[in-house]
Each structure stands twice: as C-alpha cells, then as structure tokens.
Amino acid sequence: MSHLQNLLLDALLGTKHVDGAALIKLQERSLSVASPGFSVMPSDVRTLVNGFAKNPLQTRREGLYFKEKDYKCVRADDYSLYAKNENTGVVVVKTHLYLLVATYTEGMYPSVCVEATEKLGDYLRRKGN
C-alpha cells in the first residue's frame, strides 16, 4: 500500500464519516489512488477537474453529476467544492498536484467529512503536493 493510500485510509476513512476517497492527478487528469472499493470513472474525473476549471459561480449554479447522481453544489471556490444529493455528498479539495475526493453517505456527519478532507488537503499543500 502506498503512502498516499495510507493517508486516505487513516485521515479520512478512519473518521468513520468518509465512505470513499480518492486522489486524482490534476495534470494527467487520472486516478492516482483510491480507497478499497471506491472507483472513479474517467468521466467523473473530467467532471471534477472541470468543476474547478469553470467559474465557481457557474459550478454552484449547475451542480455536479458524479458517480451517476446529480448533486447540488453548496460550495464552490478556488480550492473547495462541496455538493450534496439528499443524504449523501461529495467533498473535493484542490491541492497543487491533486484533487482530493471524499464522499459521505446517510448516517455520516457531513461536517466531519469536510473537516477531515480540508485538513488532509492543507497537509498535502504544505508538503508541496
């Protein structure tokens, strides 16, 4: 298991409020690592990368289509994108090299998912990732 995958498992899934997590390489627009059982299709990678490439206001207005669900965007800025669909959601944090993606499901606290994902994003940015 790679160092990055261990970070995903320990820092995110270890909270018990993250259902799945992945790191997407921004330059290559490809999946770097993911938690076991969490797959991110190339079309989902494009959706997330484009969510940051657009004007945040446009992303907020249009929402996201991720993993075959429509999500309402509740936050979109230069470094963070939060979207929800009923009791599930996706949190995306941009670092220098990656998009850090975390999802939560019913029964999990979205605020814990957001906090853990943002903290790991800060850690990766400090490390130059």
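Strands E5 and E6 (residues 88-94) pair in the antiparallel sense over 6 bridges, where two strands count as paired if DSSP finds at least two bridges between them. Strands are DSSP runs (E, at least two residues), numbered from the N terminus. The model is predicted, so local features need pLDDT of at least 70 and side-chain atom pairs count only at pLDDT 80 or more, while totals for chains, interfaces and linings use all residues. Residues are numbered from 1 along each chain as its sequence is written, and side-chain values use heavy atoms, leaving out hydrogens and water.

Within the pairing of E5 and E6, Asn-85 stands opposite Thr-88 of E6. The two strands form a hairpin with 2 residues between them, and Glu-86 in the turn has a positive phi of about 55°.

E5 also pairs with strand E4 (residues 69-76), again in the antiparallel sense, over 4 bridges. Here Lys-72 has Lys-84 in E5 as its bridge partner, and 3 residues lie between E4 and E5 in their hairpin. Of the 6 residues of E5 (residues 80-85), 5 are buried, so this strand is largely enclosed by the rest of the structure. Buried means under 20% relative accessible area (1.4 Å probe, protein chains only).

Attention now turns to the side chains. Rings of Phe, Tyr and Trp (its six-membered ring) pair if their centres lie within 6.5 Å; planes under 30 degrees apart count as stacked, over 60 as edge-to-face and the rest as tilted. By this rule there is 1 aromatic pair. The ring centres of Phe-66 and Tyr-71 are 6.4 Å apart with planes at 55°, so the pair is tilted. Both Phe-66 and Tyr-71 are buried.

Definitions and conventions:
Buried < 20%, exposed > 50% of the residue type's maximum accessible area, 1.4 Å probe, protein only.
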